[in-house]
Every structure is written in C-alpha cells, then in structure tokens.
Amino acid sequence: MSRRAPVAKKELTVAALIRRKTIFSFSVFLLLIGGAWLGWRWLYHAPNAPGDSARQPLRKVLQANEKVFSEGVFSPAHKAKEYPLSAAAKKVRVNGNYGLKGTVDTAGWRLKVARQAGDTLYLTLQDLKALPKRDIVFDFKCIEGWSQVTHWGGVRVADFIDHYGLQAVKGLKYMGLITPDGGYYVGIDMQSALQEQTLLCYEMNGEPLPLNQGYPLRLIIPVKYGIKHLKRIGTMYFSNTPPRDYWAERGYDYYSGL
Ligand SMILES: Nc1nc2c(c(=O)[nH]1)N[C@H]1C(S)=C(S)[C@@H](COP(=O)(O)O)O[C@H]1N2
Ligand SMILES: [Mo]
C-alpha cells in the first residue's frame, strides 16, 4: 500500500513574507492610481451636451440629485425655515447685477406675462400690490458660500396664477423669467414656483425694493439658492422644456434646490 506522504507546507521566512506583502500592496497601489488616472481622463475628455458647459457625466450626477430632491426624500411640501422679523438684517447684502445695467422706466414698466398661444398680459406694479401680500423672513443662501437672514414681501406666485386665471400653466413643467434687457434669465420647475413661499417680491424690509436688489419686481424662492432669485423681472413665461438659465448654461446646477 503506497500512501503518499502529506506534502509539508513550505515555511516562508519572515523576510520572504514581508517581500510578498510589499509586492502585493504596491501592485494594489499602482492599480488604484492607474484607475483614478483613467477615470479622470475619461471625465476630462467626456463631451458636453449642446449649450452646456458641464461635462455630460457631471451633468448626469446633478440631474440624479435633482430627481432625489424633487421626487424622493424631500417631498414637494418641503419648506424653507422661517425666522421672526427681528432676526432680519437691516443692511442687506447686494450680489450680482447681470441684466441690471441701465435704469428702469418706472412709469412704463410692466410685467409681461406670456400665456400660451401668443396671448400676453401686461401688468403694473399696482396690479400686483392689489393682491394679498405675503411677508417672509428666511436665510438667503448664495452658492458663493454666504447666507443672510432677510425680510421680503410680495405676492405668492401661486396666488398670482390663480388670480389671473392662468390655471392651465400649472400643468406645464417650468416657469421662465427674464430681465427687461435679456441680460439675466432663469428657469424654475413648476413645483417650486407654486410652493407657498415663492413670491413675486416688491418689498425688502417693508420698503420698495432698492434698484440694485431688483426694483420694481424680483423673484424670492426660499427653497433655492440665490442664483434663481432673479432681480428686475421683465418677462414671465411657461413651458414644458427647461427655459434658458444663465448659470446652468455656465455649468451650475439647473435645479439649485436647498
Ligand atoms: N438680474 C439679476 N438677478 C440676480 C443676479 C444677477 O446677477 N442679475 N444674481 C443672483 C444671485 S447670484 C444672488 S446671490 C442674488 C442676490 O440678491 P441680492 O443682491 O438681493 O442679495 O440675486 C440673484 N439675482
Ligand atoms: Mo448668488
């Protein structure tokens, strides 16, 4: 009966063990570095969508975030925190003046509301002031990294739409706003436009808006970053395709939700 004797496991010396582990660790290190480099190269050479300055893979991440924010964890009822009047800053920071060059024709200014099918409303500031006024004190946040608790007053976009019989636009996906000179423009998803805290705003600290803060009318939309709070509204329109958006065209998040 010939039984094979069990092969004795070859004992490794400590030095050989260390050598083996070092080679293994170094190979893993090289693989990770190589992977990171390839990934970066892929991202760097990835194309942009037409008219977009964000690379497509990065834009897809932003769009995935938007989906989570608008349909997922954060419900449509999501509201910005409100503060007491006493918390509002007296000296309010000014930021951004695209579309604000030149003065406003105070007497001639009208809010142009493009309803569907070429039918347009022209409203005066008095028309807007005749509607119920809503005051809000909230923490205004700019993507540049600053924030300030400030006090604004105006008419809710939702009330405005109901009052002017624009119910049909609620079925569309977006509201677009443009300054009178076309220099600044934003697109807002309808759900956020109709949110109870979103205002067509004509007052700051109980006074008419200063020129550099959007006189005669601006958007206040507390569930979004400052870039969406367009100052000096000229035209309002509605559509199912995303309206042009100044900062989204320059690579920022279109949704810009908080
Ligand atoms: N017309 C116009 N609106 C604008 C901007 C702009 O450049 N032009 N900048 C936006 C940005 S980035 C911010 S943070 C807020 C600042 O509002 P404030 O000047 O009242 O602080 O306005 C927004 N609305
Ligand atoms: Mo901003």
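In which sense do strand β4 and β7 pair, and over how many bridges? They pair in the antiparallel sense, over five bridges. Two strands count as paired here if DSSP finds at least two bridges between them. The strands themselves (E, at least two residues) and the helices (H or I, at least four residues) are DSSP runs, numbered from the N terminus.

Before we go on, some housekeeping. This is a predicted model, in which local features need pLDDT of at least 70 and side-chain atom pairs count only at pLDDT 80 or more, while totals for chains, interfaces and linings use all residues. Residues are numbered from 1 along each chain as its sequence is written, chains are lettered from A and ligands numbered from 1 in the order in which they are written, and side-chain values use heavy atoms, with hydrogens and water left out.

Now let's settle on β7, which covers residues 199-204. Its partner β4 spans residues 147-156, and on that side you can find G153 standing opposite E203 of β7. β7 also pairs with strand β9 (residues 218-220), again antiparallel, this time over three bridges. There, look for L199 opposite I220. Then comes strand β8 (residues 207-208), which runs antiparallel to β7 and is joined to it by two bridges. E203 turns up again here, since E203 stands opposite P208 in β8.

How does the chain get from β7 to β8? The two form a hairpin with two residues between them. One residue in the turn, N205, has a positive phi of about 50°. N205 is partly exposed, with a relative accessible area of 26%. On this scale, buried means under 20% relative accessible area, exposed means over 50%, and partly exposed is in between (1.4 Å probe, protein chains only). For a feel of distance, N205 and D181 are 24 residues apart in sequence and 27 Å apart in space, C-alpha to C-alpha.

The strand itself is another story. Six of the six residues of β7 are buried, so the strand is largely enclosed by the rest of the structure. Here's a handy bit of background: in a regular strand the side chains alternate between the two faces of the sheet. One residue to pick out is C201, which counts as buried at 0% relative accessibility. C142 counts as buried too, at 10%. C201 is in no disulfide, and the nearest cysteine sulfur, that of C142, is 17 Å away. A disulfide would need a pair of cysteine sulfur atoms within 2.5 Å, and by this rule the count comes to zero.

Next, the charged side chains. The structure holds 13 salt bridges, where a salt bridge is a side-chain nitrogen of Lys or Arg within 4 Å of a carboxyl oxygen of Asp or Glu. Take R134 and E82, whose side chains meet at 2.8 Å, N to O. R134 lies in strand β3 (residues 134-141) and E82 in the loop between α2 (56-71) and β1 (111-114), so the pair ties together parts that are 52 residues apart in sequence. R134 is buried, at 12% relative accessible area, whereas E82 is partly exposed at 35%.

A second pair is E196 with R156, also 2.8 Å from N to O. This pair links distant parts of the chain: E196 sits in the loop between α5 (190-193) and β7, R156 is in strand β4, and they are 40 residues apart. E196 counts as partly exposed at 24% relative accessibility, and R156 has that status at 24%. For a third pair, find R250 and E249, which meet at 3.9 Å, N to O. R250 is partly exposed at 39%, as is E249 at 25%. Elsewhere, salt bridges that share partners join K79, E82, R134, R156, D159 and E196 into one network.

Finally, visit ligand 1. It is surrounded by 20 residues, the closest being R93, N95, Y98, R218 and K231; a residue counts as near if one of its heavy atoms lies within 4 Å. An oxygen atom of ligand 1 is 2.8 Å from a polar backbone atom of N95, and a nitrogen atom of ligand 1 is 2.7 Å from a polar backbone atom of Y98. R218 joins in through its side chain, with an N or O atom 2.7 Å from an oxygen atom of ligand 1. Taken alone, ligand 1 exposes 530 Å², and the protein buries 97% of that. These areas come from the Shrake-Rupley method with a 1.4 Å probe.

How values were computed. Polar contact = N/O pair within 3.5 Å; in protein donor to acceptor, adjacent residues only side chain to side chain.
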